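Please open the model in your viewer and keep a selection tool at hand. The tour below moves from one selection to the next and says what is to be found at each stop.

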Amino acid sequence: MPLTSLRSSSSRRDIIIVVSIICILTVIISFRTIYTRDGSWRRPVGELPTFGNGETKMPSGSEETTRPKAPIPVASSISSMAVATSTSTSSTFVSSPTAAASGAISGGCDGFPDTKDILVVMKTGATEAYDKLPIHFMTTLRCVNDSILFSDSEMDMAGHKVIDTLDEVADDIKKDNGDFDLYRLLQEYQKLHEDPRPLREGANGWNLDKYKFVHMLLKTYKYRPDVPWYVFIEADTGVVWDNMRTFLNKYDPKRPYYLGSPTYLDIEFAHGGTGYIISQAAMEAAVGKHLDIATKYDKDVKGICCGDRMIGRILLDEDIKLTKAWPMLNGEKPITIPFSKRQWCQPVVTMHHMTAQEVSQVWNFEQERKAQGITTPLLFMDIFNHFVKPSLLPTRIDWTNLSDNVIYPPPTSEDPPRTYNGLTWAELGPVERSSPESADNCKKACDADDNCFQWQHHDQECALHHSIRIGESKRGMQSSWVSGWKMDKIEKFQAEMGECKSGVDWAGWGR
């Protein structure tokens with residue numbers, strides 16, 4: 001072979017080798033570090049800090065995260081350590097996709113509000129986690145700087161770590177306590193790598209769930225003692241982050257705040273599924289100065305209905321009362337919200353009972369608004385115009401519009417004395433008395449009620465409503481469901497309310 005050919009062949013081989021080395025190094029580097037949307041470097045997924053005596057924590061404002069002193073614990077041994085979403089330079093938790101990693105999804109995190117001073121704490125249950133959490137990795141948690149996931153069983157969802165909230169509950173609380181039957185069963189399922197979702201049938205997860213709240217509060221403080229805002233939500237909670245950012249800007253986290261939608265039992269407390277927010281000052285007062293809260297309050301959990309009530313008790317014991325944030329923090333969702341003057345011009349911050357599809361739909365709506373250059377807060381009016389109004393009809397078969405303000409059932413001898421719109425049955429006119437007989441008669445009763453926006457007829461019962469709801473399908477049900485809306489009255493209502501140009505109302509109040 002000629003010398004020139006040998007030299008040419010050798011040069012090509014050298015070039016191929018060099019290019020291959022460069023490609024390999026590029027891949028290695030890309031896996032070791034991820035460049036976030038705010039220009040900071042973050043720890044790769046799976047690397048965790050150590051806590052306690054060997055704590056490794058990145059100084060506030062530093063440009064690069066520190067490496068952990070201890071090896072990465074595997075998912076099955078992570079019970080005393082939290083893992084969470086983070087794209088913040090001050091974060092040491094990793095759980096859900098980073099902005100860079102999820103950039104393939106249309107829109108990325110451009111325009112997402114600054115959440116560096118917010119820790120998102122999401123609670124779920126092992127029997128529902130695989131159905132409810134994935135959509136949040138793509139929406140709710142996708143662009144936030146820091147989050148922790150808690151459940152009643154330790155899980156690793158393709159790199160997303162979920163913490164066992166109950167692993168430190170004292171044995172004397174769990175022993176001979178039927179509320180923990182599901183928890184014990186979940187531990188067995190985990191050992192055998194069984195799918196826990198079938199346990200939803202027949203298992204009383206509600207009784208177990210109420211024990212999570214105190215330990216979630218305690219662990220959250222231990223993992224993140226100095227976060228300005230702690231936002232607690234559940235796996236069926238939807239969050240409008242632009243509105244959340246604006247809402248929190250109105251409060252000082254150095255003052256003790258407990259914000260939420262009020263619920264009333266023996267005390268007033270924030271409804272957990274709607275979401276509640278605790279300031280750093282309140283967290284320090286209620287938990288930081290009382291790290292024995294589990295010992296103090298666990299013994300009382302069995303005798304109460306719900307864990308969010310216990311959160312209210314802990315804070316109230318430190319004289320921190322609920323600051324009402326309804327309807328911004330709202331327990332309904334687009335199809336169940338009763339639209340009226342009460343909240344029309346107020347911003348939507350959270351919604352509850354959201355399915356994965358509904359979380360995605362609201363997220364997509366937010367992105368559409370941003371793409372159109374809309375920068376005003378997302379109001380209840382906007383939710384109505386986008387999700388509800390296009391589906392309203394004078395009459396819809398096989399449908400419930402959730403009317404329940406006034407109910408006219410046929411009277412029977414077994415019925416106790418009751419009032420209907422402030423009147424007894426004897427005081428009702430012929431239109432109201434005949435309304436349970438048919439859908440047409442029910443519609444006439446709505447026409448005769450000056451406050452009625454919609455009606456529903458089902459099983460010889462006529463129900464009227466004084467606000468506007470869209471409701472849901474009853475297709476395939478054995479009994480008949482017929483719903484209707486007063487379209488002319490709804491149009492008049494919208495015209496009177498206008499486009500909220502007089503201003504957005506951020507004031508929270510009771511229901």
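Begin by selecting Asp-176, which sits in the loop between α3 (171–174) and α4 (181–191). In this predicted model, the phi angle of Asp-176 is near 55°, a positive value in a residue other than glycine. Is Asp-176 buried or exposed? With a relative accessibility of 76%, Asp-176 counts as exposed, because the cut-off for that class is over 50%.

Go next to Gln-460, in the loop between β20 (454–458) and β21 (461–465). Although Gln-460 is not a glycine, its phi is positive, at about 55°, and with 54% relative accessibility Gln-460 counts as exposed.

Now select Gln-478, whose place is in the loop between β22 (472–473) and β23 (481–485). Gln-478 is exposed, its relative accessible area being 88%. If you add Asp-398 to the selection, you will have two residues that are 80 apart along the chain, with their C-alpha atoms separated by 9.9 Å.

The next stop is a peptide bond. Select Trp-326 together with Pro-327, and look at the bond that runs from the former to the latter, which is cis, with omega near 10°. Pro-327 belongs to the loop between β13 (323–324) and β14 (350–351).

From here, turn to the nonpolar interior. In soluble globular proteins, nonpolar side chains tend to be buried together. The largest nonpolar core in this model holds 84 residues, and those that touch the most other members are Phe-247, Tyr-258 and Ile-278. To this core α6 gives the most, with seven residues. Which residues does Phe-247 touch, not counting those up to four places away in sequence? Select Leu-259, Ile-277, Ala-325, Met-328, Leu-329, Val-349 and Trp-506 to display them around Phe-247. Another core, of 30 residues, lies apart from the largest one, and you can find it by selecting Ile-337, Phe-365, Leu-378 and Phe-493, which are among its members.

After the cores, look for empty space. Rolling a probe the size of a water molecule over the atoms shows where empty space is left. The largest pocket has a volume of about 550 Å³, and to centre the view on it you can select Glu-128, Gly-205, Trp-206, Asp-209 and Glu-234, which lie nearest its centre among the 27 residues of the lining. Two elements, α5 (205–209) and α6 (212–223), give two or more residues to this lining, and α5 gives the most, with three residues. If you colour the lining of the largest pocket by class, eight residues will appear as nonpolar, nine as polar and 10 as charged.

How many cavities of 30 Å³ or more does a search of the whole structure find? The search finds five, and the largest cavity has a volume of about 80 Å³. Its lining can be shown by selecting Thr-139, Thr-140, Gly-238, Val-239, Val-240, Trp-241, Met-351, Met-354, Val-359, Val-362, Trp-363 and Glu-366. The elements that give two or more residues to the lining of this cavity are β8 (238–239) and α11 (356–371), and α11, with four residues, gives the most. By class, the lining of the largest cavity has eight nonpolar, three polar and one charged residues.

Finally, zoom out until the whole chain is in view. The secondary structure of the protein chain comes to 15 helices and 23 strands, and buried residues make up 52% of its 511 residues. Among contacts between residues at least 6 apart in sequence, 72% join residues that are at least 24 apart.

As a last step, colour the chain by confidence. The average pLDDT of the protein chain is 82, and 77% of the residues score at least 70. Select residues 1–7, over which the pLDDT is below 50, and which have one contact in the model beyond near neighbours in sequence. Then select residues 27–106, where the pLDDT is also below 50; beyond near neighbours in sequence, this stretch has 178 contacts in the model. Where pLDDT is low, the predicted coordinates should not be read in detail.

Note on methods: Residues numbered from 1 in each chain as written. Heavy atoms only, no water. 1 Å grid on protein atoms, 1.4 Å probe; cavity = no way out; pocket = protein on both sides within 12 Å on 5 of 7 lines; lining within 4 Å. Points joined across faces, edges and corners; volume = space filled by probe spheres on them. Nonpolar A, V, L, I, M, F, W, Y, C, P; charged D, E, K, R; others polar. Buried < 20%, exposed > 50% of the residue type's maximum accessible area, 1.4 Å probe, protein only. pLDDT = per-residue confidence, 0-100. Contact = heavy atoms within 4.5 Å. Core = buried A, V, L, I, M, F, W, Y, C linked by side-chain atoms within 4.5 Å.
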